[in-house]
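Hi,

Here is the structure I promised to send over. Have a look at it first, and my notes follow below.

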Amino acid sequence: SDPDPSAAWHLSNTLAVPMAAAHLGEPARREIFSGDLRRPFCVSNSPAGTATPDPSGGHRLDGDWPFVTGVLEAQWTVLAAQLPPRQPPDAAGPPRVGLFLTRTANLQIHSTWPAAAAMRGTGSNAVSAHELLVADDLATSWWAPLDLDRPLYRISVPAMAFISTAAVALGVLSACLAATIDLVGDRVSRADGLAYADKPRFQEAIAESEAALRALRAGYHGA
């Protein structure tokens with residue numbers, strides 16, 4: 001079947017929790033995956049919030065994450081958040097970012113997606129947290145050592161994400177091609193009285209697009 005862009009986007013987002021969980025200990029993984037595995041996971045990889053170490057252990061999350069796919073169905077969410085600056089404050093390097101896994105029920109969900117203009121099937125909404133405590137055993141980063149050190153989890157995050165999100169582009173191209181064919185249909189040009197479907201330039205454009213789609217799909221499945 002043709003790749004569906006919304007389904008592909010959903011899949012690429014749900015991968016984040018299993019990949020992040022590979023950096024966690026077994027008790028944390030057992031807690032995360034003891035729920036309904038027919039439901040997706042969700043993620044915001046944008047460090048829109050902050051994570052402040054709590055004196056009693058763990059981190060307190062504060063912030064607003066504007067785009068979290070599948071959050072209405074997911075039981076667990078992984079959020080990226082900025083950690084306190086390096087010490088000394090002028091130390092070189094990019095901002096420190098951590099990943100924090102929490103039950104989605106701990107977050108405030110804001111219904112922002114009904115007004116979206118594209119990919120509405122992804123069900124992406126905004127979430128926020130205020131002083132949300134996340135235990136140390138549910139905190140990690142993409143660069144932390146793997147606890148579940150298997151070949152699958154050694155694949156780089158960009159490579160894993162791009163393999164699945166490639167289906168988004170294929171789905172968009174497939175949908176555009178189908179919509180174009182449907183639009184042309186049996187319409188007749190007022191200029192010359194000929195059906196658009198019978199015009200060589202339209203046939204050539206459709207054929208080239210379909211050939212490109214087939215070639216891209218073959219390469220995608222090969223990858």
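Let me start with one strand pair: β1 (residues 42–53) runs parallel to β3 (residues 76–82), and the two are joined over five bridges. One of the contacts to look up is glycine 49, whose bridge partner in β3 is alanine 81. Please keep in mind that this is a predicted model.

That pair belongs to something wider. There is an open sheet of seven strands, in the order β5-β6-β2-β1-β3-β4-β7, and its pairing is mixed. The edges are taken by β5 (108–110) and β7 (139–140); each has a single partner strand, so one side of each has no neighbour in the sheet.

Next, the second largest pocket, which holds about 180 Å³ of space. It is lined by 14 residues, and those closest to its centre are Thr180, Ile181, Val184, Phe202 and Ile206. Two elements give two or more residues to this lining, namely α5 (157–184) and α6 (200–222). The top contributor is α5, with six residues. As for the chemistry of the lining, you'll find ten nonpolar and four polar residues, but no charged ones.

Last, the cysteines, in case you were wondering. How many disulfides turn up in a search of the whole structure? Zero. As for accessibility, cysteine 42 is at 0% relative accessibility, so it counts as buried, the cut-off being under 20%. Cysteine 176 comes out at 43%, so it counts as partly exposed, between the 20% and 50% limits.

Cheers

Technical notes: Residues are numbered from 1 along each chain as its sequence is written. This is a predicted model: local features need pLDDT of at least 70, side-chain atom pairs count only at pLDDT 80 or more; totals for chains, interfaces and linings use all residues. Side-chain values use heavy atoms; hydrogens and water are left out. On a 1 Å grid over the protein atoms alone, a cavity is a set of points where a 1.4 Å probe fits but cannot get out, and a pocket is an open set with protein on both sides within 12 Å along at least five of seven lines; lining residues have an atom within 4 Å of a point. Grid points are joined across faces, edges and corners, and a volume is the space filled by probe spheres set on the points. Helices (H or I, at least four residues) and strands (E, at least two) are DSSP runs, numbered from the N terminus. Ala, Val, Leu, Ile, Met, Phe, Trp, Tyr, Cys and Pro count as nonpolar, Asp, Glu, Lys and Arg as charged, and the others, Gly among them, as polar. Two strands pair if DSSP finds at least two bridges between them. A disulfide is a pair of cysteine sulfur atoms within 2.5 Å. Buried means under 20% relative accessible area, exposed over 50%, partly exposed in between (1.4 Å probe, protein chains only).
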